[in-house]
Amino acid sequence: MAEVLVYVDHVDGAVRKPTLELLTLARRLGEPVAVALGNGAADTAAALAEHGAVKVLTSDAAEFADYLVVPKVDALQAAYEAVQPAAVLVPSSAEAKEIAARLAVRIKSGIITDAVDLEAGDEGPVATQSAFAASFTTKSRITQGTPVITVKPNSAAVEAAPAAGAVEALAVTFSDAASGTKVIARTPRESTGRPELTEAAIVVSGGRGVNGAENFAIIEALADSLGAAVGASRAAVDAGWYPHSNQVGQTGKSVSPQLYIASGISGAIQHRAGMQTSKTIVAINKDAEAPIFDLVDYGVVGDLFEVVPQLTEEANSRKG
Amino acid sequence: MILRIVVCVKYVPDATGGRHFTDDLTVDRDDVDGLLSELDEYAVEQALQIAEECQRAGADAEITVLTVGPEDAKDALRKALSMGADKAVHVEDDDLHGTDVMGTSLVLAKAIEKTGYDLVIAGMASTDGTMGVLPAILAERLGVPQVTLLSEVSVEDGTVKGRRDGDTASEQLEASLPAVVSVTDQSGEARYPSFKGIMAAKKKPVESLDLDDLDIEAEEVGLEGAWTKVDEAAERPARTAGTIVKDEDEGGKQLAAFLAERKFV
Ligand SMILES: Cc1cc2nc3c(=O)[nH]c(=O)nc-3n(C[C@H](O)[C@H](O)[C@H](O)COP(=O)(O)OP(=O)(O)OC[C@H]3O[C@@H](n4cnc5c(N)ncnc54)[C@H](O)[C@@H]3O)c2cc1C
Ligand SMILES: Nc1ncnc2c1ncn2[C@@H]1O[C@H](COP(=O)(O)O)[C@@H](O)[C@H]1O
């Protein structure tokens, strides 16, 4: 059976969920061979084996942390040459997309980014993508070289599929370009204790209607009652009420949770681009004409300062 | 010494204008009004600020805006010129129709080399294709450092520095020129063209190049030369109309009941 190279997104050895989803898709195309790079690379093996990786190629050279992107391209290329895979799959994080794109240039392959589904086809993998703020769905394939495809979070279920997951050291020779961009300092993002926005099953977002940083406590309280992540519209982020890392939309995160609750958000096309594919959509807005209501499964026309606390209280009491 | 900045700008269909595909499954650029991609305005803005800083320090800087696109893409160049860029290069050729990111990056790289550069600045992503990978590909093709997705950028003594806010960490980056930079929409609001800027832009030079000028063969680009193929494009079915209630003191409770029905609470 053909082997499929899977690039692993992890933090110090903890595999991030989109990579496990990617293994589910990879198994439709062949036997997944994982590539884990950087600090803690070998610690990823157990989780990867559990989800179907037949092999885990690892390297924890210091270059991966000291320089931007290119050392990882060199390593992924080394893995590509060693494995000669039928396809290279990469999670759609900002960094991994850049790594995939540079690899594609080097190996003279076409690239598809931000696939939301993948299937084996007669002429290679068929990728489903969302276009124009998710108003179109396309199916595409790569016609030149070994397909390189990046896949968005929440595109497949995480499935247990135990495999050998044997760890092998990957030998990497770094190119001259590898040391081109130095990482002078790195400040890890502080954890809020809430689920990761792109991975959460429920996302509760606030917009301009929340009207102040202090009022985001109302949104957070609802999120906590549901075990949800907190999102924000760009208007709320630009006003300085909530961090940019929580922005949902075209220039923020794109989310596709089971449930998305928008409060005080009008539903501009750029916001929809990041949440339109959520399974169930709920909105609270005092303007009955707000475009967000075109998307909802359930909408409440009303003042979020009344509706949201009442909902939170109900959710908490139903829990207890 | 003069700092030569090339800014890559894309002409895109207006996001609020019902974007769609043509029969050959390429983005329809004729039926929908186009404009300079909003995300590339941030690139033009940072180029202007870097040039201004350079001039304050007594050196010179020159900004060339570059686009690969159809005839109408001149509008995007004019807008960037009216914001304050010095000159423009427009790569236009009928054989470019349907080019994918690999072809576009090849054309841009050749045009950038022909123009001459110390610093290339791009946007974080185009608002139509939204791939966000072209700047990294340009760096690979040009063989210069990639300093991308910056929310803060500065250039001093032949070095570019910037802050990249990633998923799990924020990084301070540094590279020597020449380099390729991309900037996010967090890098600072783009200026509006002034009346004077708009008038001045009409007299600024716009150079037109075709594939011959760049020594690129027609087979390397266009729909035929693309390394990816779109087989199908379907409009997403409209979501079925949901229930909408007006809050009469019970809105939160009604919503909770709906969420309970769907097993979220
Ligand atoms: C290139 C580009 C990229 C962009 N990227 C993004 C992006 O990634 N994410 C994003 O979100 N936007 C993005 N935008 C901005 C987008 O166009 C909108 O401006 C933005 O989404 C508006 O945010 P909002 O809905 O919170 O604010 P508004 O549009 O001002 O809507 C606020 C809503 O709150 C309601 N409201 C007010 N008070 C209350 C109350 N007490 N109770 C209930 N409802 C109330 C109002 O009725 C209104 O509908 C982008 C724009 C551009 C040009
Ligand atoms: N046809 C084009 N002409 C000039 N610049 C482009 C073109 N396409 C993309 N770019 C640049 O590359 C960036 C990222 O584009 P993309 O990878 O297509 O999302 C854009 O913000 C532009 O700066």
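## A buried arginine in chain B

In this predicted model, B:Arg19 sits in the loop of chain B that runs between strand S2 (11-13) and strand S3 (34-36). The residue is buried yet takes part in no salt bridge, the nearest side chain of opposite charge being that of B:Asp128, 6.5 Å away. Because a salt bridge requires a side-chain nitrogen of Lys or Arg within 4 Å of a carboxyl oxygen of Asp or Glu, that separation of 6.5 Å does not qualify.

What the side chain of B:Arg19 does reach is the backbone oxygen of B:Thr127, at 3.0 Å. Leaving aside neighbours within four places in sequence, B:Arg19 is in contact with residues of chain A, namely A:Phe132, A:Ala133 and A:Phe136, and also with B:Pro13, B:Asp14, B:Val32, B:Thr127 and B:Asp128 of its own chain.

## Strand S1 and a contact across the sequence

B:Arg4 belongs to strand S1 of chain B, which covers residues 2-8. With a relative accessible area of 33%, B:Arg4 is partly exposed, whereas B:Arg19 is buried. The side chain of B:Arg4 reaches the backbone oxygen of B:Tyr117 at 3.3 Å.

Although B:Arg4 and B:Leu119 are 115 residues apart in sequence, their C-alpha atoms are 6.4 Å apart in space. When neighbours within four places in sequence are left aside, the residues in contact with B:Arg4 are B:Glu62, B:Gly116, B:Tyr117, B:Asp118 and B:Leu119.

## Around helix H5 of chain B

B:Thr184 lies in the loop of chain B between strand S10 (179-183) and H5, and its relative accessible area of 9% makes this threonine buried. Beyond its neighbours within four places in sequence, B:Thr184 is in contact with B:Tyr42, B:Met124, B:Leu149, B:Leu150 and B:Ser151.

Helix H5 itself spans residues 195-201 of chain B and contains B:Ile198. B:Ile198 counts as partly exposed because its relative accessibility is 38%, a value that falls between the 20% and 50% limits used for buried and exposed residues. Together with B:Phe195 and B:Met199, B:Ile198 makes a nonpolar surface patch of about 320 Å².

## Helix H6 of chain A

Helix H6 of chain A, residues 216-226, has A:Phe216, A:Ile219, A:Leu222, A:Ala223, A:Ser225 and A:Leu226 as its buried residues. These buried residues pack against several elements of chain A: strand S13 (202-206), strand S14 (229-232), helix H7 (234-238), strand S15 (259-263) and helix H9 (304-319). After H6 of chain A comes A:Gly227, which has a positive phi near 65 degrees.

## Salt bridges

Over all chains, the count of salt bridges comes to 35. One of them joins the side chains of A:Glu159 and A:Arg27, at 3.2 Å from N to O. This pair links distant parts of the chain, 132 residues apart, with A:Glu159 in the loop between strand S10 (148-151) and strand S11 (166-169) of chain A and A:Arg27 in helix H1 (residues 17-29). A:Glu159 is partly exposed, with a relative accessible area of 37%, and A:Arg27 is partly exposed as well, at 27%.

In chain B, the side chains of B:Glu92 and B:Lys74 meet in a salt bridge of 3.4 Å, N to O. B:Glu92 lies in the loop between strand S5 (87-91) and helix H3 (101-115), while B:Lys74 is in helix H2 (residues 74-83), so that the pair, 18 residues apart, links distant parts of the chain. The relative accessibility of B:Lys74 is 26%, and this residue counts as partly exposed; B:Glu92 is likewise partly exposed, at 26%. A further salt bridge is made by the side chains of B:Asp231 and B:Lys229 (3.4 Å, N to O), where B:Asp231 is partly exposed at 34% and B:Lys229 is partly exposed at 40%. Residues of both chains enter a network of salt bridges that links A:Asp9, A:Arg16, A:Glu196 and B:Asp167.

## Chain B as a whole

Chain B has seven helices and 13 strands, and its C-alpha atoms fill a box of roughly 70 × 45 × 40 Å along the principal axes. Of the 265 residues in chain B, 51% are buried, and the chain exposes about 12,200 Å², of which carbon and sulfur atoms supply 46%. Among contacts in chain B with a separation of 6 or more, 70% are between residues 24 or more positions apart.

Key:
Residues are numbered from 1 along each chain as its sequence is written. Chains are lettered from A and ligands numbered from 1 in the order in which they are written. This is a predicted model: local features need pLDDT of at least 70, side-chain atom pairs count only at pLDDT 80 or more; totals for chains, interfaces and linings use all residues. Side-chain values use heavy atoms; hydrogens and water are left out. Helices (H or I, at least four residues) and strands (E, at least two) are DSSP runs, numbered from the N terminus. Buried means under 20% relative accessible area, exposed over 50%, partly exposed in between (1.4 Å probe, protein chains only). Lys and Arg count as positive and Asp and Glu as negative; His and the chain ends are not counted. A polar contact is a pair of N or O atoms within 3.5 Å; within protein, one must be able to donate a hydrogen and the other to accept it, and residues adjacent in sequence count only if both atoms are side-chain atoms. Contact means heavy atoms within 4.5 Å. Patches are made of residues with over 30% relative accessible area and no salt bridge: like charges are joined within 9 Å, nonpolar side chains (Val, Leu, Ile, Met, Phe, Trp, Tyr) within 5 Å. Accessible areas come from the Shrake-Rupley method with a 1.4 Å probe; for residues, only the protein chains shown count as cover.
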